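Trainee: Before we begin, may I see the sequence and the structure that we are to discuss?

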Amino acid sequence: MESPGSVPARSLSYEGVWRFTAPAVEVSVPQARHAVRDLIHRQGVPVRDELLQGMLLIVSELVTNAVRHAALLSPELAVEVAIGADWIRVAVEDNHPYRPRALETDYAQTGGRGLLLVREIAREAGGSCDVEHTTTGGKIIWAMLPLDSLDRWSTSRWPNP
């Protein structure tokens with residue numbers, strides 16, 4: 001809370017929200033990953049390399065899931081990157097109504113672990129992830145990670161997604 005006469009806090013130059021769409025085809029997976037990486041670098045986001053690599057893996061997994069499981073009803077997907085002072089959030093939206101759940105580890109299966117991986121990356125980084133329905137009947141799957149080290153997260157500074 002600001003006191004009367006105080007100067008409001010300014011946003012940092014790297015803060016903002018960016019959204020782009022892509023066709024729900026395999027080639028969109030590396031394109032989305034590269035677009036997110038380039039955006040983070042272009043904005044000068046102070047992100048540790050380990051966190052950046054985890055975020056890019058999350059982007060790959062979420063876009064891959066949209067391509068593989070939603071393309072029939074959603075020929076286009078959207079990727080949104082929101083960056084705050086202390087966090088980064090990536091979300092992938094499609095128009096398919098199915099709401100996936102992270103599967104338990106089953107070593108006999110060769111697939112189906114993408115959301116489990118996303119959830120684990122987010123958890124290890126001190127972040128979170130979830131699946132939400134859109135007002136148009138589709139879904140948004142998002143992951144939010146802190147930009148700074150975990151020991152500085154003594155109080156919650158996450159925005160409401």
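The exchange below concerns a predicted model and treats its sheet and two of its helices.

Trainee: In what order do the strands of the open sheet lie?

Mentor: The sheet is open and consists of 5 strands with antiparallel pairing. Its edges are strand S1 (16-23) and strand S4 (128-133), each of which pairs on one side only. Read across the sheet, the order is S1-S2-S3-S5-S4.

Trainee: Which residue of S2 is the bridge partner of proline 23?

Mentor: S1 runs antiparallel to strand S2, residues 76-83, and 8 bridges join the two. Within S2, the partner of proline 23 is glutamate 76.

Trainee: How many residues lie between S2 and S3 in their hairpin?

Mentor: S2 and S3 pair in the antiparallel sense over 6 bridges. In one of these pairings, alanine 82 has as its partner in S3 arginine 89. The two strands form a hairpin, and the number of residues between them is 3.

Trainee: Which residue of S5 stands opposite valine 92?

Mentor: S3 is also joined to strand S5 (residues 139-146), by 8 bridges, and these strands run antiparallel. Opposite valine 92, in S5, stands isoleucine 141.

Trainee: Why is S3 described as largely enclosed by the rest of the structure?

Mentor: Burial here means under 20% relative accessible area. On one side of S3, Trp87, Arg89, Ala91 and Glu93 are buried, and on the other side Ile88, Val90, Val92 and Asp94 are buried as well. S3 is therefore largely enclosed, since its buried residues number 8 of the 8.

Trainee: At what angle do the axes of H1 and H2 cross?

Mentor: Two packed helices are described by the angle between their axes and by the distance between those axes. The axes of H1 and helix H2 (residues 49-70) come within 9 Å. H1 passes H2 in a right-handed crossing, and the angle is roughly 145 degrees.

Trainee: How many residues of the contact of H1 with H2 are nonpolar?

Mentor: H1 contributes Ser28, Val29, Ala32, Arg33, Val36, Arg37, Ile40 and His41, while H2 contributes Leu52, Leu56, Val59, Ser60, Val63, Thr64 and Val67. Of the residues in this contact, 4 are polar and 2 are charged. The number of nonpolar residues is 9.

Trainee: How many of the 22 residues of H2 are buried?

Mentor: H2 reaches 31 Å from its first C-alpha to its last, close to the 32 Å expected at 1.5 Å a residue. This helix is largely enclosed by the rest of the structure, because the buried residues among its 22 number 16.

Methods: Residues numbered from 1 in each chain as written. Predicted model: local features only at pLDDT ≥ 70, side-chain atom pairs only at ≥ 80, totals over all residues. Heavy atoms only, no water. Pairing = 2+ DSSP bridges. Helix = DSSP H or I, 4+ residues; strand = E, 2+ residues; numbered from the N terminus. Axes fitted to C-alpha atoms, helices over the stretch in contact; angles between N-to-C directions. Left-handed = near helix turned anticlockwise from the far one by under 90°. Contact = heavy atoms within 4.5 Å. Nonpolar A, V, L, I, M, F, W, Y, C, P; charged D, E, K, R; others polar. Expected span 1.5 Å × (residues − 1). Buried < 20%, exposed > 50% of the residue type's maximum accessible area, 1.4 Å probe, protein only.
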